[in-house]
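Visitor: I'd like a close look at one single residue and whatever sits around it, then a wander outwards from there. Which one would you pick, and what does its neighbourhood look like?

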Amino acid sequence: MKRTENTNELEAKKQLDIINELKERFDTEFKKTGIRKTYHIETFGCQMNSRDSEKISGILKQIGFVETDTEDADFLLYNTCTVRENANNRVYGRLGYAGKLKKKRPGMLIALCGCMMQESTAVERIKKSYPFVDIIFGTHNIFKLAELIKTRLDNGEKGGKHINNMVIDIWKDTDLIVEDLPNDRKFPFKAGVNIIFGCNNFCSYCIVPYVRGRERSRNIQDIIDEIKSLADDGAKEVMLLGQNVNSYGKDLNPKISFAKLLQEVEKIDGIERIRFMTSHPKDLSQELIDVMGSSQKICNHLHLPLQSGSTRLLKIMNRKYSKEDYLDLVSRIRKAVPDISLTTDIIVGFPGETEDDFMETLDVVQKVGFDNAFTFLYSKRTGTPAATMENQIEESVAKERFDRLLGVIQELSAKAAKRYEHTVQDVLVEEVNSHDENLLTGRLGNNMLVHFPGDPSIIGSIVQVYLNESKGFYYIGTLV
Ligand code: 5AD
Ligand code: SF4
């Protein structure tokens, strides 16, 4: 469907009507039984999925479901990821368990959505092996959830009882961006805000462009309005989300840069911290570096996926930068923001990776001195160019390199954490510590965690904390 303002608004109106219709149905049932139906969402994968789950949760709450923290719920949804094979396997494992729950809970609805559902092989397997699943939808039409629930319930009623009439609705791609539907934010004081959907890069190992479609930027005014309203509701921190935020605005008319968007967000009163994720190195402009350097609000943390340090492999990965480009970019960023924490993603065992290629990766890791890195064993994704490349790497070889890399990264991150030991830092207080209720947990600007004694009344505010001791992944601190 072609995107116009009008079709987006019409679609939103249609969905709101269906949400209201279901709400009436659920309210009537509640009056009869005195019991509200429950829902539970299991989210796999990245921040995009977490944000999608918040939207889904908003729709379910508006209909009249109440959230429960166990999978034994009236409506159970798995929001799936498929970036690596083991993400898929985890979902099949959970589904086996969900099937057992459903046997004991007549009328239970089981739904699946997210990236894995964009793959026809996965959907075929579910149809065959997990026929008790009720609803399957993809990444492009989560706004239709109420409509799909209504269809499933109507199908069930036609049969006189709950029969297995799986409702499947998967779109290959879309131009639609449906705004203004219900929303359920996990935290009132920090929020993820989508700015661009999809990816155009087709890195040769990556399935994301096939399951999330082409790049579509949200209108700047919609983004600004959303952040203003978040700030009015008490948000202090926003995380701008996109598979490649640096592409923001290239598809808008008139075009606008990500750096310009950041400058507009910076002006919003009440927002004190701005983060963004993820940045493709090839698109990170000098304009953005300059904005980061002069900003009062952009956090001193940048996640900049390297993937490999070997120029030869980067070319085969279709990353469009060399080892030298990456190192040059890092030195320009460090010049503008000297205390920046850099984190990265690295893939080990990409087809054809030699020991020399791997040494190049270790060399970049050492030269940059990342604060932390997410390391991944290469996982073959059917449909991507890398899946059919010759020279797939033996698992034992990849695993051995992976362990070596992890060792280096652990050393670097312990060293990086020491940098802030015995300093006072601004900390956004997020929650009561899950292991010790006398402690609060908060985040530094560079995204590291700190645990410190304090009263829960300060949750949601930015306070100053003395960092007594670094424990590798977190600090122990004292409120100043
Ligand atoms: N195998 C291993 N890691 C992958 N990633 C993406 N695709 C694959 C794959 N096929 C990693 C990349 C990316 C991160 C989100 O997941 O490092 O940046
Ligand atoms: Fe995947 Fe590359 Fe797009 Fe990132 S930029 S989502 S790694 S294709």
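Guide: Contact, or touching, here means heavy atoms within 4.5 Å. With that settled, my pick is Arg273, and keep in mind that this is a predicted model. Arg273 sits in strand 11, which covers residues 273–277 (strands are DSSP E runs of at least two residues, helices H or I runs of at least four, both numbered from the N terminus). Its relative accessible area is 5%, so Arg273 counts as buried (under 20% is buried, over 50% exposed and anything in between partly exposed, with a 1.4 Å probe and protein chains only).

Who does Arg273 touch? Leave out residues up to four places away in sequence, and the list still has several runs of neighbours in it. One is Lys236, Glu237 and Val238. Another is Asp426, Val427 and Leu428, and a third is Arg443, Leu444 and Gly445. Lys297, Cys299 and Ile462 are also contacts of Arg273.

Two of those names lead on to Gly460. Lys236 and Leu428 are contacts of Arg273, and both turn up again in the list for Gly460, together with Phe189 and Val429, with residues up to four places away in sequence again left out. Gly460 is in the loop between strand 17 (449–453) and strand 18 (462–470). At 10% relative accessible area, Gly460 is buried as well. Gly460 also spans a big stretch of chain: Ala235 is 225 residues away in sequence, yet the two C-alpha atoms are separated by 8.1 Å.

Follow strand 11 onwards and you reach Thr278, in the loop between that strand and helix 9 (286–294). The peptide bond from Met277 to Thr278 is cis, with omega near 5 degrees. A second cis bond worth pulling up joins Asn253 to Pro254, where omega is about 0 degrees. Pro254 belongs to the loop between strand 10 and helix 8.

Leu252 is in that loop too, between strand 10 (237–241) and helix 8 (258–266). Is Leu252 buried or exposed? With a relative accessible area of 12%, Leu252 is buried. Beyond the residues up to four places away in sequence, Leu252 touches Ser217, Arg218 and Asn219. Asn219 is 33 residues from Leu252 along the sequence, and their C-alpha atoms are 7.5 Å apart.

Now for the hydrophobic side of things. The largest nonpolar core has 67 residues, and Leu240 and Phe258 touch the most other members (such a core is a set of buried Ala, Val, Leu, Ile, Met, Phe, Trp, Tyr and Cys residues joined through side-chain atoms within 4.5 Å). Setting aside neighbours within four places in sequence, Phe258 is in contact with Leu240 itself, plus Ile195, Val245, Asn246, Tyr248, Phe276 and Leu288. Another core lies apart from that one: it has 25 residues, including Ile41, Leu77, Ile149 and Leu153.

There's ligand surroundings to look at as well. Around ligand 2 you'll find Cys199, Cys203 and Cys206, along with Asn201, Phe202, Tyr205, Val208, Pro209, Gln243, His280 and Arg319 (each has a heavy atom within 4 Å of the ligand).

If you check backbone torsions, Lys320 should catch your eye: its phi is near 65 degrees, positive in a residue other than glycine. Lys320 is in the loop between helix 10 (311–316) and helix 11 (323–336), and its 55% relative accessibility makes it exposed. His422, also not a glycine, has a positive phi of about 65 degrees. His422 belongs to the loop between helix 13 (395–418) and strand 15 (424–432), and at 49% relative accessible area His422 is partly exposed.

For contrast with where we started, try Lys104 in helix 3 (residues 85–104). Lys104 is exposed, at 72% relative accessible area, while Arg273 is buried at 5%. Asp72 is 32 residues from Lys104 along the chain, and the C-alpha separation is 9.3 Å.

Housekeeping: residues are numbered from 1 along each chain as its sequence is written, with chains lettered from A and ligands numbered from 1 in written order. Local features need pLDDT of at least 70 and side-chain atom pairs 80 or more, while totals for chains, interfaces and linings use all residues, and side-chain values use heavy atoms without hydrogens or water.
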